[in-house]
There are 2 protein chains.
Amino acid sequence: MPLKNTGTESLIKETAKRLFFAEGKLHATTQEIADAAGVNRTSLHYYFRSRDLLLEAVFKEAMQGLSLRLAECMEAEKPFKEKIENLIEVFLKDMIAFPYQETFLVTEINTLGKELMGNIQSGPIQTFLKDVRTEMDKGTLEEMDPIHFLMNLFSLLSYPLIMAPLYRQLFQISVEDFAILINQRKEMILTMLFKKN
Amino acid sequence: MPLKNTGTESLIKETAKRLFFAEGKLHATTQEIADAAGVNRTSLHYYFRSRDLLLEAVFKEAMQGLSLRLAECMEAEKPFKEKIENLIEVFLKDMIAFPYQETFLVTEINTLGKELMGNIQSGPIQTFLKDVRTEMDKGTLEEMDPIHFLMNLFSLLSYPLIMAPLYRQLFQISVEDFAILINQRKEMILTMLFKKN
DNA sequence: TTTTTATTTTACAATTTTGTTAAACAAAAA
DNA sequence: TTTTTGTTTAACAAAATTGTAAAATAAAAA
């Protein structure tokens, strides 16, 4: 079964991801995607049959990637604090490259429905939540529902990057100065999350 | 000049806001908006001329509202900590009602361009940033760029509500349990932001 | 080489979405 | 009452977007 595999299929998918996740063009048309990929729009139908199926493929891959990244960070064989440090680095890097990935996921869930996401491994997260609880018992973390701890972590990580265009206006700062601020956030988040003493 | 003022114009605008901001239907069509409002689609053109102009109206009003809410919270005649408490209450309430408002604003900025938002009063924010700096000098707040403090505040406030559909899956919790968690966040955010001693 | 097969493109069709024109309607003014 | 004016609707037109069929192309297989 000889596939020529010109790479067009993944080119289209990656281009769609770039438009959706990196550039925030959440309602990009098939034409816009094809143009950005430098291919004929019909190729998009050849490989994905319809726009909806392309979106579904993009959605599922993103979901799977997120799930995998989470699991890898959470199951790493490291002391708790190092795990968190690594997690911050990994997700900060991802958010800088693809700030609108999560936004895409949520809005697609809202429109296409939640059936799409069966791919989530909730196991690693549940065990990690227990690790968080253990740390709280040890006294290294403030007492709270472990879910709050994780939500706080991802809030502090993601939100500023998602809302960058808005906050640059509100705070009247340049793209460069904003980038500097973002680079300071890893350390800052760590001091926010862990107890001082 | 007697206007009959049947309220249709604002009905359309409020319905659009509901779809965009509350239900997260970020690509609602004019037909969907008209149907949701229970009016003929042509009325939408009668009052707003085009879809883009309706979006522009919605965008500008939301931006103005946000700016106003911010200014009112920040300029209030209260001790700093009470200001923050009030701000959390105000914005948490708003985020519960309209979780996708900020998402809408950012994605529209990305597509329609940044020309739209001239309406922002940056003055109140700038003076408030100085207040934050003063509090840090007093020692009630952790030392950091005041912009970080504000970004942290809004991150912790907004992000969990924006990403609720995603996080409910990741954490495997029901809508009800999630709502309970959200209700705990005001107190939790306060203890995260202010120094313990 | 010819044949086969996967891929790409062209041309066209169908559907969806938006926008316009003119008529119908309803309430206040004359 | 009739007239006027603002509002709503119906019917139609235009544009944008998606989808399909078949032809052209190019690379591997025979």
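**Exercise 1.** In this predicted model, find which element gives the most residues to the surface near DNA strand D.

*Solution.* Step 1: take as near any residue with a heavy atom within 4 Å of the strand. With that cut-off, 18 residues surround DNA strand D. Step 2: list the elements that each supply at least two residues of this surface; they are α3 (41-48) of chain A and α3 (41-48) of chain B. Step 3: pick the top contributor, which is α3(B), with four residues.

**Exercise 2.** Name the residues closest to DNA strand D and divide the surface near the strand into nonpolar, polar and charged residues.

*Solution.* Step 1: the closest residues come from both chains, namely T30(A), R41(A) and R51(A) together with T8(B) and Y47(B). Step 2: sorted by class, the surface has 11 polar residues, four charged and three nonpolar.

**Exercise 3.** Determine what share of the DNA strand D atoms within 4 Å of the protein belongs to sugar or phosphate, then locate polar side-chain atoms that lie by a base or phosphate oxygen of the strand.

*Solution.* Step 1: sugar or phosphate accounts for 49% of those atoms, and bases make up the rest. Step 2: on the base side, R41(A) places a polar side-chain atom 2.7 Å from a base oxygen of DNA strand D. Step 3: on the phosphate side, take one residue from each chain. A side-chain N or O atom of H45(A) is 3.2 Å from a phosphate oxygen of the strand. For T8(B), the separation between a side-chain N or O atom and a phosphate oxygen is 2.5 Å. Step 4: compare with the cut-off of 3.5 Å for a polar contact; the distances are 2.7 Å for R41(A), 3.2 Å for H45(A) and 2.5 Å for T8(B).

**Exercise 4.** Describe the secondary structure of chain A and of its annotated span, residues 6-66.

*Solution.* Step 1: chain A has 10 helices and zero strands. Step 2: an unreviewed UniProt entry annotates residues 6-66 of chain A as "domain: HTH tetR-type". Step 3: this span is 77% helix and 0% strand, and its end C-alpha atoms lie 27 Å apart.

**Exercise 5.** Characterise the dimensions, burial, contacts and surface of chain A.

*Solution.* Step 1: the C-alpha trace spans about 60 × 45 × 30 Å along its principal axes. Step 2: 53% of the 197 residues count as buried. Step 3: among contacts with a separation of 6 or more, 66% join residues 24 or more positions apart. Step 4: the accessible surface is about 9,300 Å², and carbon and sulfur atoms hold 51% of that area.

Key:
Residues numbered from 1 in each chain as written. Chains lettered and ligands numbered in written order. Predicted model: local features only at pLDDT ≥ 70, side-chain atom pairs only at ≥ 80, totals over all residues. Heavy atoms only, no water. Polar contact = N/O pair within 3.5 Å; in protein donor to acceptor, adjacent residues only side chain to side chain. Nonpolar A, V, L, I, M, F, W, Y, C, P; charged D, E, K, R; others polar. UniProt positions renumbered as here; feature names shortened; annotations may be inferred. Buried < 20%, exposed > 50% of the residue type's maximum accessible area, 1.4 Å probe, protein only. Contact = heavy atoms within 4.5 Å. Areas by Shrake-Rupley, 256 points an atom, 1.4 Å probe, with all protein chains shown as cover.
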